[in-house]
Amino acid sequence: MLVSTVELAWRARRGAELGLAGAAGVGLDWGEVIARKNRIVASWSQGKDQALERQGIAVLRGHATFLAPHELQVGDRTVTTEKIVIATGSSPARPSIEGIEHTVTSEELLDRTALPGRMVAIGGGAIGMELGFAFARAGLYTNVSVRRITGDRTVEADIGGTTHRLSADVVVVATGRPPNTEGLRLDLAGVRLERGTVSVNEYLQSPTAPHVYAAGDVTGRHQHTPAAWYEGRVAAENALKGNHEAVDFNVFPTTIFTIPAVAQVGLTEAEARKRGLRVGVGRSPFEDNTAASVREETEGLVKVIYDEASGQLLGVHILGPNAEDLIHIAAVAMRGGLRRRDLAGMHYVFPTLAGTVFDAMWE
Ligand SMILES: Cc1cc2nc3c(=O)[nH]c(=O)nc-3n(C[C@H](O)[C@H](O)[C@H](O)COP(=O)(O)OP(=O)(O)OC[C@H]3O[C@@H](n4cnc5c(N)ncnc54)[C@H](O)[C@@H]3O)c2cc1C
């Protein structure tokens with residue numbers, strides 16, 4: 001949400017290249033950007049509450065703790081239940097860097113209504129990269145590799161093998177999100193943890209406490225919203241109806257919302273070769289795409305990895321404009337068992353960004 005607003009402002013400022021007059025003065029009202037984000041999030045969660053009520057599902061609000069295998073304390077109530085699904089999510093890690101107390105988490109940063117003058121981001125994972133790109137486009141300085149932070153938020157950072165001292169107004173830490181299991185007293189339910197995550201089988205069921213299921217970030221498998229939704233449904237249905245659906249993440253598209261975004265589905269070329277597969281590789285750059293040229297967004301490419309003999313699609317990777325949407329063409333094709341030639345032969349609308357996905361199938 002924030003990335004799209006920041007990107008819009010950044011593109012608008014470059015509007016003169018597209019013939020827009022007065023676009024150079026477009027600014028960001030950060031207080032309103034954050035207020036709008038909060039309004040949208042609040043309306044989503046209100047909609048979810050109403051949907052639960054319509055289904056006749058009772059909601060108890062409060063911190064839950066196991067008292068016994070089938071008994072939980074929720075706030076001041078004790079609840080006895082046959083089956084339990086743990087979906088407690090994850091929280092930001094606090095790495096042991098000297099001065100870590102001078103940092104903020106990604107969630108705290110995204111609640112601040114004023115843009116910091118200079119920001120340093122610690123962590124080069126999806127969240128660190130997204131924050132880095134968004135705030136850099138908003139006009140701030142960012143960095144991703146930090147050794148030490150002092151009280152005045154001077155950061156000692158490793159850049160290109162040498163140590164630099166950077167002065168920042170905000171240092172945000174984005175070094176991963178361990179699952180929320182502390183305080184749940186999972187030992188009282190007999191639930192086993194594996195490296196801090198709730199261990200589950202393919203039915204999302206705890207092997208050591210079969211009446212307990214888990215879904216989402218707490219399983220430590222995929223830290224993505226659609227994975228949490230999907231696992232939540234599978235875990236709840238398996239808990240209520242018996243184990244009848246195993247989770248299937250074979251074709252699972254993901255995106256990192258950098259600018260431009262990076263999206264992928266299936267194997268990378270290195271992963272496919274490591275499996276001993278004979279792979280073919282197709283590539284098509286966005287600079288050859290007319291729609292991308294018209295939009296002045298020609299950075300990036302589509303890369304396709306396929307089985308050389310059968311043409312079966314093994315993986316597709318997109319860096320470029322609308323990568324987060326275009327990747328679904330590949331995901332649908334892979335899920336439907338389409339081969340490279342099936343896509344290469346597709347008719348498509350001109351000029352569209354989708355053309356680059358189909359063109360990459362030709363090489
Ligand atoms: C900054 C940021 C950006 C992200 N961007 C994306 C994105 O662009 N796309 C994407 O797919 N994913 C994104 N994610 C990841 C996504 O938000 C998570 O994967 C998803 O929310 C996980 O859902 P969940 O239901 O497992 O956990 P959550 O959504 O975290 O929900 C867990 C809930 O359980 C509650 N809880 C915890 N412990 C207890 C307890 N003991 N008792 C009662 N309640 C408890 C928590 O308060 C919380 O309300 C992002 C995450 C962050 C932090």
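Analyst: A helix is a DSSP run of H or I with at least four residues, a strand is a run of E with at least two, and both are numbered from the N terminus. The model discussed here is predicted. On these terms, the chain has ten helices and 18 strands.

User: What makes the place of Asn 322 a loop?

Analyst: Strand S18 covers residues 313-320 and helix H8 covers 323-335. Asn 322 falls between these two elements, in the loop that joins them.

User: Why is Asn 322 called buried?

Analyst: The cut-off for a buried residue is 20 or more other C-beta atoms within 10 Å. Asn 322 has 20 of them, so this residue counts as buried.

User: Which feature of the backbone is noted at Asn 322?

Analyst: Asn 322 is not a glycine, yet its phi is positive, at about 60 degrees. Most residues other than glycine have a negative phi, and therefore a positive value is worth noting.

User: How do you know whether Arg 195 is buried or exposed?

Analyst: A residue is exposed if 12 or fewer other C-beta atoms lie within 10 Å. Arg 195 has 8 such neighbours, so the residue is classed as exposed. Arg 195 also has a positive phi, near 45 degrees, and is placed in the loop between strand S11 (193-194) and strand S12 (197-198).

User: What makes the bond between Ile 259 and Pro 260 a cis peptide bond?

Analyst: Omega for this bond is about -5 degrees, and the bond is listed as cis. Pro 260 sits in the loop between strand S14 (254-256) and strand S15 (261-266). A second cis peptide bond joins Phe 350 and Pro 351, with omega again about -5 degrees. Pro 351 is in the loop between helix H9 (340-344) and helix H10 (354-359). Such bonds are noted because most peptide bonds are trans.

User: How many residues surround the ligand, and which are the closest?

Analyst: A residue belongs to this shell if its C-beta atom lies within 6 Å of the ligand. The shell holds 18 residues, and the closest are Thr 88, Gly 89, Gly 216, His 224 and Ala 228. Helix H5 (residues 225-241) gives the most, with three residues.

User: What is the make-up of the shell around the ligand by class?

Analyst: Eight residues are nonpolar, nine are polar and one is charged. Gly counts as polar here.

User: What share of the chain is buried?

Analyst: Of the 363 residues in the chain, 30% are buried.

Definitions and conventions. Residues numbered from 1 in each chain as written. Predicted model: local features only at pLDDT ≥ 70, side-chain atom pairs only at ≥ 80, totals over all residues.
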